[in-house]
Amino acid sequence: MSNDKLIALSLPNISGNEWKYVKDCLDTGWISSVGAYVTQFEQMVADFAGAKYGVAAVNGTAALHISLLLSGVKANDYVILPNLTFVASANSIRYIGADPLLVDADSDLWQMDLDLLETFLEDETDIRDGELIYIKDGRRIGAIMPVHILGNICDMDRFTSIVKKYPLPVVEDATEALGSSYKGQHAGTFSPFGCFSFNGNKIISTGGGGVIVTSDEELARKAKHITTTAKASPDEYYHDEVGYNYRLVNILAAVGVAQMEQLPGFIERKKEIVKFYKDAFGGVGDIGFQQELPGVETNGWLFTIRTSRSEELLKHLDANKILSRRFWMPMNKLPMYSGCPYITRNDEAGSIYNSCLSIPSSTNITDAELEIVAREVKSVFNK
Ligand SMILES: Cc1ncc(COP(=O)(O)O)c(C=O)c1O
């Protein structure tokens with residue numbers, strides 16, 4: 001096989017009932033945010049994750065925004081966040097007028113460093129009148145947002161035992177982690193709110209979309225209320241608070257239902273891809289992988305390697321029509337968030353950013369394409 005075709009990073013895989021269900025929406029006229037597919041999709045996601053309720057949203061960012069609001073985060077609060085995350089996590093905090101309080105990543109799992117978190121909470125915060133305060137500037141810390149980066153999960157037992165000592169609501173950014181679990185418990189269900197994303201590069205995609213999962217009936221009711229303009233009367237345009245027009249539309253939820261039907265197969269394929277790459281790159285140059293803790297099952301969302309030669313590798317893959325992508329630039333390096341507090345020893349997030357490269361991991365990548373990627377990656381180290 002020649003490699004004159006572009007090998008993409010993480011494409012949607014539209015190979016099930018998507019056409020059929022979308023056609024159903026078009027044929028019946030049920031295309032807006034009121035429709036049976038929305039309810040079906042949100043329940044399918046909740047059931048898959050092992051949560052009681054799902055509330056669909058226009059995207060993962062909106063799901064995070066609403067979850068933070070319902071957790072009681074207010075303007076001028078801090079929300080503890082890993083420095084190494086996609087910008088949407090931080091943006092959802094800023095939409096409320098709060099600021100991220102950044103914690104560095106750990107070198108093995110690339111998740112929030114729990115040693116740093118524990119020491120920070122012990123030494124640099126105080127509980128005053130039942131609220132958690134950052135001693136340095138007296139501002140309240142309203143919540144913590146762990147992010148299950150690349151579908152991996154940190155030691156959730158330890159995380160939970162650390163945060164439960166403090167008045168600190170948790171909102172899980174599980175946007176990348178549909179299909180990932182820790183000791184049999186699905187990502188997004190360790191806290192009152194877990195948020196998933198279904199944008200174009202996620203393990204399932206609705207083009208754009210999100211779901212909040214929760215097992216608390218009242219929180220689910222509030223989330224649905226506030227994402228649907230807070231309309232409080234069925235007969236009248238009476239809205240009892242400032243709501244949001246955040247509900248996913250039926251036509252996209254129809255795609256989501258078809259995607260959910262295929263999710264187990266997609267997860268299997270991601271696992272095959274992870275195994276293939278780990279076998280292919282073990283012992284090659286200084287290539288390292290994201291580590292997983294015992295008890296963690298990741299969905300293998302986007303395979304990412306770490307090497308001191310990432311820049312050279314990126315250029316070589318690019319020249320060979322293979323898409324690869326650097327990690328997100330850490331939040332402390334972005335102009336909007338560079339002034340936020342950053343809890344770190346040696347800026348591990350910065351060094352992960354400088355040395356990591358995500359490589360093609362679409363569920364519809366062919367075995368022949370995987371061979372091409374492996375051959376080209378290895379060729380850089382065998383020069
Ligand atoms: C870590 C993380 N948080 C939040 C989001 C936001 O999701 P969305 O793009 O659906 O708004 C994404 C995905 O893009 C993400 O990867």
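**Helix packing and the ligand shell in a predicted model**

Colleague: Which handedness has the crossing of helix 2 and helix 8?
Modeller: This is a predicted model. In it, the crossing that helix 2 makes with helix 8 is left-handed.

Colleague: How are helix 2 and helix 8 oriented, roughly parallel or roughly antiparallel?
Modeller: The axes of helix 2 (residues 36–49) and helix 8 (residues 250–281) come within 7 Å and cross at roughly 30 degrees. Angles under 35 degrees count as roughly parallel. Helix 2 is therefore, with respect to helix 8, roughly parallel.

Colleague: Which helix gives the most to the shell around the ligand?
Modeller: Helix 3 (60–70) and helix 4 (87–94) each supply at least two residues of that shell. The top contribution, three residues, comes from helix 3.

Colleague: How many residues of the shell around the ligand are polar?
Modeller: The ligand has 16 residues around it, and G60, T61, D173, E176 and S197 come nearest. The shell includes four nonpolar and three charged residues. The polar residues in the shell number nine.

Colleague: What percentage of the area that the ligand exposes when taken alone does the protein bury?
Modeller: Polar atoms of the ligand lie close to several side chains: an oxygen atom of the ligand is 2.4 Å from a polar side-chain atom of T61, and a nitrogen atom of the ligand is 2.7 Å from an N or O atom in the side chain of D173. For the side chain of T175, an N or O atom lies 3.2 Å from a nitrogen atom of the ligand. Taken alone, the ligand exposes 380 Å², and the share of this buried by the protein is 93%.

Conventions:
Residues are numbered from 1 along each chain as its sequence is written. This is a predicted model: local features need pLDDT of at least 70, side-chain atom pairs count only at pLDDT 80 or more; totals for chains, interfaces and linings use all residues. Side-chain values use heavy atoms; hydrogens and water are left out. A residue is near a molecule or strand if one of its heavy atoms lies within 4 Å of it. A polar contact is a pair of N or O atoms within 3.5 Å; within protein, one must be able to donate a hydrogen and the other to accept it, and residues adjacent in sequence count only if both atoms are side-chain atoms. Accessible areas come from the Shrake-Rupley method with a 1.4 Å probe; for residues, only the protein chains shown count as cover. Helices (H or I, at least four residues) and strands (E, at least two) are DSSP runs, numbered from the N terminus. Ala, Val, Leu, Ile, Met, Phe, Trp, Tyr, Cys and Pro count as nonpolar, Asp, Glu, Lys and Arg as charged, and the others, Gly among them, as polar. Axes are lines fitted to C-alpha atoms, for helices over the stretch in contact, and angles run from 0 to 180 degrees between N-to-C directions. Angles under 35 degrees count as roughly parallel, over 145 as roughly antiparallel, 65 to 115 as roughly perpendicular and the rest as oblique. A crossing is left-handed if the near helix is turned anticlockwise from the far one by less than a right angle, and right-handed if clockwise.
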